[in-house]
Amino acid sequence: MRRWLTLLVAATTSLVLIALMVPLALLVRTVAVSGAVSEAESEAESVAVAVGAVDAETLRLTTEQTSHPVTVFLSDGRLIGAPAPRSTAVELAFLGRSVTAAAPGGREILVSVQGAPGGTAVVRVFLDDDRLTRGVPQVWAGLAALGLALVGLGVLVGDRLARAVIRPITALAGVSHRLAAGDLSARTVPDGPVEVHAVGIALNHLAERITGLLAEERESAADLSHRLRTPLTGLRLEAESLTDPEESARIEARVDALERAVTSVINEARRRVRDRAECDAAAVTAARVAFWSVLAEDQARHFTLDLAPGPLPVAVPADELAACVDALLGNVFAHTPEGVSFSVRLEPAEGGVLLTVADAGPGFATSDPLQRGESGAGSTGLGLDIARRTAESAGGSLSLRTSAAGGAGVILFLPAATS
Ligand SMILES: Nc1ncnc2c1ncn2[C@@H]1O[C@H](COP(=O)(O)OP(=O)(O)OP(=O)(O)O)[C@@H](O)[C@H]1O
Ligand SMILES: [Mg+2]
């Protein structure tokens, strides 16, 4: 835009200057020509006075003292002064008309001298082209230089103006990018021309509105999660009323875990700013696999855990990584029959760690298991997408494979924590 505005100013200034300078240059030339012609005419007049008043020799001397080549044509055909052709214009002057006519290389100024002894004579003063336009090229060069200087000045002023407009627009773009990247604290200081100033105010208003809407969304997510507490209380009462104390304790422990999960969901939903915490992937994976191992035992599932020696710090908060591992292991338990084996592998990779969860089940049934909301088993279809988004928000990735045993394989790349 800056270049565009500068070009616009240059074009406008040039047009205005051309419109002014061309007529001015022509006028300068005309004035120079008419000045030279009138100077030559007065010289011709002064010689004309001498014709008839002095003898031929004195007349010749007079013509030699002039600043232009002067020729006197006498009626008897004699010629005094600089040699010159007897042109048609000279013949016309003999008829009694003083004329100015174009001649090869310049102009001839012809003054008819009537009543001279011996008949009409004609005084011819020759003005060559150089004398006609003397000083004109220098004036033209001056005008051109002035014109260029004015265009340069115009471009400079245009560039300054363009910068004054573009700076606040660039700042607006920067704030928009920061908002798009999730920095909701980004605000601009409205600046620049009225319209850009108005856009700045509107952008700040939009940012405030987005922040408000997100806060409302978080609160409503927390409210929704809170609704789980009622059926949980009912479940706890049911567990307490069980006659088998061992079974009652086991179910109560599960209810406790579920309650803790609900509480952490509510807290997570209400958290204003997501802290970019880190965690030890080895410790979190080991803890989650230990949790699922009880159910694996119940379902007669054989599993292998291949953990590289920790700590393996990754740029993902512990509860989010735990939710990822739970989503992947939960899928094994939800989408493969009981007794199907699985493996969990955590190993360091370039720039982070790789977490692989694979099983020997039937593999992915749907063409795009990562499609959020699409479930091949009538569930909510969120698990894999949650894991993918957690990885991607930290700069990692999730990919799906067929495992060595022919079942489903999910590989999660988590970037290493920087601090
Ligand atoms: N280990 C697996 N074996 C076979 N299919 C799987 C496996 N993991 C995922 N899938 C398939 O991918 C789909 C998407 O999985 P995802 O975890 O995103 O959703 P879901 O498990 O259906 O629902 P949710 O996790 O929200 O309860 C599943 O519906 C299932 O068809
Ligand atoms: Mg799932």
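**Entry 1: the sheet with β7 in it**

I started with a sheet of five strands, an open one, ordered β7-β9-β10-β12-β11 and with mixed pairing. I kept in mind that this is a predicted model. Which strands sit at the edges? I found β7 (303-307) and β11 (397-402) there, each pairing on one side only. I also looked up the twist: neighbouring strands of this sheet are turned by 15° against each other on average, direction ignored.

Next I picked out one pair. β9 (residues 342-349) runs antiparallel to β10 (residues 352-359), and eight bridges join the two. For a single example I took E347, whose bridge partner in β10 is L354.

Then I checked what packs here. Helix α9 (residues 281-298) lies across β7, β9 and β10, and runs at about 170° to β7. α11 packs on the sheet too, touching β11 and β12 (408-415), with its direction at about 135° to that of β11.

**Entry 2: the sheet with β1 in it**

I moved on to an open, antiparallel sheet of five strands, in the order β2-β1-β5-β4-β3. Why do β2 and β3 each have one side without a neighbour in the sheet? β2 (79-81) and β3 (99-103) stand at the edges and each has a single partner strand, so one side stays unpaired. Here the neighbouring strands are turned by 25° against each other on average, again ignoring direction.

I zoomed in on β1 (residues 70-73), which pairs with β2 in the antiparallel sense over three bridges. V72 has I80 of β2 as its bridge partner.

Two helices went into my notes for this sheet. Helix α1 (residues 2-50) packs on it and touches β1, β3, β4 (106-113) and β5 (121-128); the direction of α1 makes about 35° with that of β4. Helix α2 (residues 56-64) packs on the sheet as well, touching β1 and β2, at about 45° to the direction of β2.

**Entry 3: ligand 1**

I finished with the ligand. How many residues are around ligand 1, and which come nearest? I noted 17, with S375, G376, S379, T380 and L382 coming nearest. By class, the shell has six nonpolar, nine polar and two charged residues. α10 (318-335) and α11 (383-393) each give the shell at least two residues, and α11 is the helix I had already seen touching β11 and β12.

I wrote down three polar contacts to oxygen atoms of ligand 1. A polar side-chain atom of T380 lies 2.4 Å from one. A polar backbone atom of G381 is at 2.9 Å, and one of L382 is at 2.7 Å. Is ligand 1 mostly buried or exposed? Taken alone it exposes 590 Å², and the protein buries 90% of that.

How values were computed: Residues are numbered from 1 along each chain as its sequence is written. Chains are lettered from A and ligands numbered from 1 in the order in which they are written. This is a predicted model: local features need pLDDT of at least 70, side-chain atom pairs count only at pLDDT 80 or more; totals for chains, interfaces and linings use all residues. Side-chain values use heavy atoms; hydrogens and water are left out. A residue is near a molecule or strand if one of its heavy atoms lies within 4 Å of it. A polar contact is a pair of N or O atoms within 3.5 Å; within protein, one must be able to donate a hydrogen and the other to accept it, and residues adjacent in sequence count only if both atoms are side-chain atoms. Accessible areas come from the Shrake-Rupley method with a 1.4 Å probe; for residues, only the protein chains shown count as cover. Helices (H or I, at least four residues) and strands (E, at least two) are DSSP runs, numbered from the N terminus. Ala, Val, Leu, Ile, Met, Phe, Trp, Tyr, Cys and Pro count as nonpolar, Asp, Glu, Lys and Arg as charged, and the others, Gly among them, as polar. Two strands pair if DSSP finds at least two bridges between them. Axes are lines fitted to C-alpha atoms, for helices over the stretch in contact, and angles run from 0 to 180 degrees between N-to-C directions. Contact means heavy atoms within 4.5 Å.
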